[in-house]
Amino acid sequence: INGMKQGDYLLIGFGHNDEKTEKERYTSPVGDYMTEGTFANSLYVNYIRKARNAGCYPILCTPIVRRSASGEWKATELAVRELGKAVGTPVIDMTQLTRDEYEKLGSDNTIYLHAWPSNNKLSVDNTHTNIWGARVNAYMIMSAVKELNISGLSENVVNIDNNPLDYKE
């Protein structure tokens, strides 16, 4: 918070690996941003409100999907989407963007976007991406920023035409 300056942009992305059940770390996915103890309230109080008070522009990002070996996904409604609408904060829907991309690639190919603790494919970490997967996610975020047409930011996104997944032999 001390490093934020007037006119900065703050990308806020939590939830991908946030399934903690310990009382001191748990936030409920149920409830709005005004309800203490909810995930939405935590994001609002600890990030959005503080960023705005510092003169920064917050942007919410939904979590990326976890890799599914079966290629099947659970339908979920995310508190982040509703929070963005409620407080007038742009939302980059990384859940939908990554789900769409993963469905196009298929589970046999998404394995190469994720970390492997060993050189065995069976050790793939279906939650955390590797450097290549991070590059793909960064590309998706920057493409979404450009599409959202956020004044002062979107016009600075340049050279976005090179999708890292467009492999050419």
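**Contacts, sheet and salt bridges in the predicted model**

Leaving aside residues up to four places away in sequence, Asn 41 touches Asp 32, Tyr 33, Met 34, Thr 35 and Glu 36. These contacts, like everything described below, come from a predicted model. Asn 41 itself lies in helix 1. With a relative accessibility of 13%, Asn 41 counts as buried, because the cut-off for that class is under 20%.

One of the residues touched by Asn 41, Tyr 33, also takes part in an aromatic pair. The structure holds three aromatic pairs. In one of them, the ring centres of Tyr 33 and Tyr 44 are 4.8 Å apart and the ring planes meet at 65 degrees, so this pair is edge-to-face. Tyr 33 sits in the loop between strand 1 and helix 1 (39–53), while Tyr 44 belongs to helix 1, and the pair thus links distant parts of the chain, eleven residues apart. Tyr 44 has a relative accessibility of 17% and therefore counts as buried. Helix 1 thus holds both Asn 41 and Tyr 44, with Asn 41 buried at 13% and Tyr 44 buried at 17%.

Attention now turns to the sheet. Three strands form an open sheet with parallel pairing, and their order is 1-2-3. Strand 1 and strand 3 are the edge strands, each pairing on one side only. As a general point, the strands of a sheet pair through backbone hydrogen bonds, in either a parallel or an antiparallel sense. Here, strand 1 (residues 9–13) pairs with strand 2 in the parallel sense, over five bridges. Two residue pairs illustrate this register: Leu 10 has Pro 58 in strand 2 as its bridge partner, and Leu 11 has Ile 59 in strand 2. On the other side of the sheet order, strand 2 and strand 3 (residues 91–92) are also paired in the parallel sense, over two bridges. At this junction, Cys 61 stands opposite Ile 92 in strand 3. Strand 2 (residues 57–61) is mostly covered, with four of its five residues buried.

Strand 2 and strand 3 also appear in the surroundings of helix 2. In helix 2 (residues 79–87), the buried residues are Val 80, Arg 81, Leu 83, Gly 84 and Val 87. When the helix is viewed down its axis, these buried residues fall within an arc of 165 degrees, so they line one face of helix 2. The cover over them includes helix 1, strand 2, strand 3 and helix 3 (94–105). After helix 2 comes Gly 88, whose phi is positive, near 65 degrees.

A search of the whole structure finds three salt bridges. One of them joins the side chains of Asp 93 and Arg 81, with an N to O distance of 3.0 Å. Because Asp 93 lies in the loop between strand 3 and helix 3 and Arg 81 lies in helix 2, this pair ties together parts that are twelve residues apart in sequence. Arg 81 is buried at 17% relative accessibility, whereas Asp 93 is partly exposed, its relative accessible area being 22%. Arg 81 therefore belongs both to the buried set of helix 2 and to this salt bridge.

Helix 2 contributes to another salt bridge, in which the side chains of Glu 82 and Lys 85 meet at 3.5 Å, N to O. Glu 82 and Lys 85 are three residues apart in helix 2, so about one helical turn separates them. In general, an α-helix has 3.6 residues a turn, so residues three or four places apart point the same way. Glu 82 is partly exposed, with a relative accessible area of 45%, and Lys 85 is exposed at 64%.

A salt bridge is also found in helix 3, between Glu 101 and Lys 104, where the closest N and O atoms are 3.6 Å apart. Both residues lie in helix 3, three residues apart, or about one turn of the helix. Their environments nevertheless fall into separate classes: Glu 101 is buried, with a relative accessible area of 14%, and Lys 104 counts as exposed at 65% relative accessibility.

Key:
Residues are numbered from 1 along each chain as its sequence is written. This is a predicted model: local features need pLDDT of at least 70, side-chain atom pairs count only at pLDDT 80 or more; totals for chains, interfaces and linings use all residues. Side-chain values use heavy atoms; hydrogens and water are left out. Buried means under 20% relative accessible area, exposed over 50%, partly exposed in between (1.4 Å probe, protein chains only). Two strands pair if DSSP finds at least two bridges between them. Rings of Phe, Tyr and Trp (its six-membered ring) pair if their centres lie within 6.5 Å; planes under 30 degrees apart count as stacked, over 60 as edge-to-face and the rest as tilted. The arc is that of the directions from the helix axis to the C-beta atoms. Contact means heavy atoms within 4.5 Å. A salt bridge is a side-chain nitrogen of Lys or Arg within 4 Å of a carboxyl oxygen of Asp or Glu.
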